[in-house]
Amino acid sequence: MKKVRFLAPVVALAAMAVVAVSLVGTGAAAPKAGYSAGLVSDVGRFNDKGFNQAQLKGLNFAKSHISGLTTTAVESHSAGDYLPNFASLARKGVNIIIGAGFLLADQEATVAKQFPNTKFAITDYDVTGAGNPFKKAGVKNVEGLTYATQEN
């Protein structure tokens, strides 16, 4: 269990690196001075000693290792917080907004459609699968960050 706790932030950081690489692959500029990243937790919140906390640790690690990166982490106390949390970060002009897990998919798809020039990502969710809210909304500004269970 200790090994998983140690590796989880690395996975979160790797996920952010995948997003940065995907942005370069689409012709978007790579993260540079003035680039901002936001993270929205699920209801487990950032002190869950698990998925949310590891992603926050990864976000903070990225902030300390990428010059000029600013970060904002928004904690969700209930499922009703997801939509306003995503919308708040998008209205503030955050360059990439990451949803911490599949529970946030519906609300993230809604906000991603309203802010097509903002990049979004969602961990532990395949946005290419049939019938998911991202495909239904027709959004193309969301990257799904998935990994095999044995690679956690």
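Among contacts in the protein chain between residues at least 6 apart in sequence, 59% join residues at least 24 apart. The model is a predicted one, and its protein chain contains 5 helices and 5 strands, which follow one another from the N terminus in the order α-β-α-β-α-β-α-β-α-β. Of the 152 residues in the protein chain, 41% are buried.

**The sheet**

- The 5 strands form an open sheet whose order is E2-E1-E3-E4-E5, with parallel pairing; its edge strands are E2 and strand E5 (142-145), each of which pairs on one side only.
- From one strand to the next, the twist of this sheet averages 20 degrees.
- Strand E1 (residues 36-40) pairs with strand E3 (residues 96-99) in the parallel sense over 4 bridges, and within this pairing Leu 39 has Ile 98 of E3 as its bridge partner.
- Helix H4 (residues 105-114) packs on the sheet and touches E3, strand E4 (119-123) and E5, while its direction makes about 170 degrees with that of E4.
- E3 also pairs with E4, again in the parallel sense and over 4 bridges, and here Gly 99 stands opposite Ile 122 in E4.
- Strand E4 is largely enclosed by the rest of the structure, because 4 of its 5 residues are buried.

**Two residues in strands E1 and E2**

- Ser 36 has its place in strand E1 and counts as buried because its relative accessible area of 12% falls under the 20% cut-off.
- Neighbours within four places in sequence aside, Ser 36 is in contact with Leu 69, Thr 70, Gly 93, Val 94, Asn 95 and Ile 96.
- Ala 73 belongs to strand E2 (residues 70-74), one of the two edge strands, and is partly exposed, its relative accessible area being 35%, a value that lies between the cut-offs of 20% and 50%.
- When neighbours within four places in sequence are left aside, the contacts of Ala 73 are with Leu 39, Phe 46, Leu 56 and Leu 59; of these, Leu 39 is the residue whose bridge partner in E3 is Ile 98.
- Ala 73 and Ser 41 are separated by 32 residues in sequence, yet their C-alpha atoms are 7.7 Å apart in space.

**Helix H4 and its surroundings**

- The buried residues in H4 are Ala 105, Glu 108, Ala 109, Val 111 and Ala 112, and what covers the buried residues of this helix includes helix H3 (82-91), E3, E4, helix H5 (133-137) and E5.
- An α-helix has 3.6 residues a turn, so residues three or four places apart point the same way.
- Glu 108, which is found in helix H4, is buried with a relative accessible area of 0%.
- Not counting residues up to four places away in sequence, Glu 108 touches Phe 86, Ile 97, Gly 99, Phe 120, Ala 121, Ile 122 and Phe 134.
- One of these contact partners, Ile 122, is 14 residues from Glu 108 in sequence and 8.2 Å from it in space, C-alpha to C-alpha; Ile 122 is also the residue of E4 that Gly 99 stands opposite.

**The packing of H3 and H4**

- Two packed helices are described by the angle between their axes and the distance between the axes.
- For H3 and H4, the axes come within 9 Å and cross at roughly 30 degrees, and the crossing is right-handed.
- On the side of H3 the contact is made by Tyr 82, Leu 83, Phe 86, Ala 87 and Ala 90, and on the side of H4 by Gln 107, Glu 108, Thr 110 and Val 111.
- The residues of this contact of H3 with H4 divide into 6 nonpolar, 2 polar and 1 charged.

**The aromatic pair**

- The count of aromatic pairs comes to 1: the rings of Tyr 125 and Phe 134 have their centres 5.7 Å apart and their planes at 70 degrees, so the pair is edge-to-face, given that planes over 60 degrees apart count as such.
- Tyr 125 counts as buried at 17% relative accessibility, and Phe 134 counts as buried at 2%.
- Phe 134 is also among the residues that Glu 108 of H4 touches.

How values were computed:
Residues are numbered from 1 along each chain as its sequence is written. This is a predicted model: local features need pLDDT of at least 70, side-chain atom pairs count only at pLDDT 80 or more; totals for chains, interfaces and linings use all residues. Side-chain values use heavy atoms; hydrogens and water are left out. Buried means under 20% relative accessible area, exposed over 50%, partly exposed in between (1.4 Å probe, protein chains only). Contact means heavy atoms within 4.5 Å. Two strands pair if DSSP finds at least two bridges between them. Axes are lines fitted to C-alpha atoms, for helices over the stretch in contact, and angles run from 0 to 180 degrees between N-to-C directions. Rings of Phe, Tyr and Trp (its six-membered ring) pair if their centres lie within 6.5 Å; planes under 30 degrees apart count as stacked, over 60 as edge-to-face and the rest as tilted. A crossing is left-handed if the near helix is turned anticlockwise from the far one by less than a right angle, and right-handed if clockwise. Ala, Val, Leu, Ile, Met, Phe, Trp, Tyr, Cys and Pro count as nonpolar, Asp, Glu, Lys and Arg as charged, and the others, Gly among them, as polar.
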